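I wanted to see how the strands of this chain are joined into sheets and how its helices are placed. These are my notes, written while going from one element to the next.

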Amino acid sequence: MLLEELTNTEKLENGTMECKKVLDRKDPTSWLKTIAGFANASGGKLYIGVEDKSQKVIGFTRKEADAERNYFNNQVNEHITPRPNTMVDFIPYEIREQERLVLKVTIGESPVKPVLLKINGVPAIYMRRDGYTNAATYEEIREMSIHSTSQQFDTLSSDLSYKEEDFTQLNAFSLEHGGKKFSDKMFRSMGFFDQDKKLKKGGVLFMDSYDGSKTAVQCSQFSGFTRGSDRIVSVNRFRGNITSSITFMENFVDARMNHMIIKHDDYRENFDSYPKRAVFEGLVNAAAHRDYYLDGTQIQVDLFKDRLEISSPGSFYEGALIGKSYDLSDIISKRRNELICEVLVHCNVMEAAGTGFDKIAEEYQDADQGHKPYIYSASDHFTLVLPDLTYEPGIHKGITEDAISFVPVTDASKHDGSILAFCYASARKSSEIAKHLGVADSSYFRTKILKRLEEAGYLETVKLGRALAYKTNPSKVGLK
């Protein structure tokens, strides 16, 4: 029997359906990604107990069907978030007077996007298109985030009950920064918990006891200008509630940046690498506008010889991707997390008008161009860069050809040095390298020039999303 005979009243469309003979226990990703892909697209149906290519009906006994359904629900609950709307029906039929069952799983389009599949702690986003399920592109992920009809993460309900005594650190943080102590009435008015006193997920992130991955941060200090080629002086990781995370990052930067005293005729002036208000505004902004739907991510605070970088997971909410921009005052950062932002406003560390970037610009208003802060946004993160005011040359412009040392390869091209310097600090796509050199991104350029450097071990290939990129191998190419 074929599936179309069993479901003769249903229209079967290859683009929105898939068949599995049985759910793979050894490789659940093989079918879980289909569920996530349907939920990120317009929904679909999965028939279990049907051969994929022939659509021949195999079916299960009642006991086997129950086990298959239970396994399905357990795996979806464990690995897919937010859980998509699924409905499992049994389609009965008879073979030799014996009942057999096929499972029909109907997956609805998720109102909360993107839907994440997490296996072994690694999150991935899949999209169903043209009858196939593949990894979503950065553009698709961004579109899903912008057009999602969902609630924001911090306003979703949790299973934890509100207790006043669970928020002593939040109240201490608020009082320390000139805010007021939170009352039950204040919490209720901002939607911190629902009518059953169940905390919203944003409220959970402020609990004294919270130490989950949603607020993870990593702070690193490098000896030079880049991550790839310079020695890491220290790496500190932290998990705690939002206010503790902000304080941890602030203390990390304060303990490691330069503190100078400039003597004038009649007074002394304290002078720091980074204005404390600018650092604090940047850290609060990163925590407030982080995409908390993205598991397996962290706020990244990196100290280099010439700058401080603060990167937060998720691009600008409902905003355009931007390259390097020095016009901080022109950037409008819309709230991704209304509840979290409202709590931080009450703590007096954010303003309702969202003028944090303006304050950062004010702190650097007397700086020259080499010491101006800037910001950029990619599809999966946004980064604030604060120049070190005590590093006189300003932000390092990158590795130059004169700064690298390598043995020329056989049949070397005139571009080899420029390519290796350009790719030293960051991985670059062939189109970026070609544009930098002012040449065409041709097959000749990729196979005769880039490939030759790769074969010699001077270039390494890495993945940037779904694209191939090139990174200079520092073990083969040194710095003078």
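I began with Lys20, and in this predicted model I found that Lys20 stands opposite Ile48 in β2. Widening the view, I noted that β1 and strand β2, which covers residues 44-48, pair in the parallel sense over four bridges.

Which sheet do these strands belong to? I traced an open sheet of four strands in the order β1-β2-β5-β4, and its pairing is mixed. I then looked for the edge strands, and these are β1 (17-20) and β4 (86-95), each of which pairs on one side only. From one strand to the next, I read a twist that averages 20 degrees.

Next I asked what lies across this sheet, and found helix α2 (residues 29-40) lying across β1, β2, β4 and β5 (98-107), where α2 runs at about 165 degrees to β1. Following α2 further, I saw that α2 also lies across β3 and β6, running at about 160 degrees to β6.

That led me to another sheet, an open one of three strands in the order β3-β6-β7, with antiparallel pairing. I wrote down that β3 (80-81) and β7 (122-124) stand at its edges with a single partner strand each, so one side of each is left without a neighbour in the sheet. Strand β6 (residues 116-119) and β7 pair in the antiparallel sense over three bridges, and when I looked up Ile119, I found that its bridge partner in β7 is Val122.

I turned to a pair of helices, α5 (residues 168-176) and α8 (residues 242-256), whose axes come within 9 Å and cross at roughly 50 degrees. Because this angle falls outside the ranges that count as roughly parallel, roughly antiparallel or roughly perpendicular, α5 and α8 are oblique to each other. On the α5 side, I listed Gln169, Leu170 and Phe173 as making the contact, and on the α8 side Thr243, Ser244, Ile246 and Thr247. Sorted by type, the residues of the contact of α5 with α8 are three nonpolar, four polar and no charged.

My last entry is on helix α9 (residues 276-288), which has 13 residues and reaches 18 Å from its first C-alpha to its last, close to the 18 Å expected at 1.5 Å a residue. Is α9 mostly covered or mostly exposed? I found α9 mostly covered, with 11 of its 13 residues buried, and the buried ones include Phe280, Glu281, Leu283 and Asn285.

Notes. Residues numbered from 1 in each chain as written. Predicted model: local features only at pLDDT ≥ 70, side-chain atom pairs only at ≥ 80, totals over all residues. Heavy atoms only, no water. Pairing = 2+ DSSP bridges. Helix = DSSP H or I, 4+ residues; strand = E, 2+ residues; numbered from the N terminus. Axes fitted to C-alpha atoms, helices over the stretch in contact; angles between N-to-C directions. Contact = heavy atoms within 4.5 Å. Parallel < 35°, antiparallel > 145°, perpendicular 65-115°, else oblique. Nonpolar A, V, L, I, M, F, W, Y, C, P; charged D, E, K, R; others polar. Expected span 1.5 Å × (residues − 1). Buried < 20%, exposed > 50% of the residue type's maximum accessible area, 1.4 Å probe, protein only.
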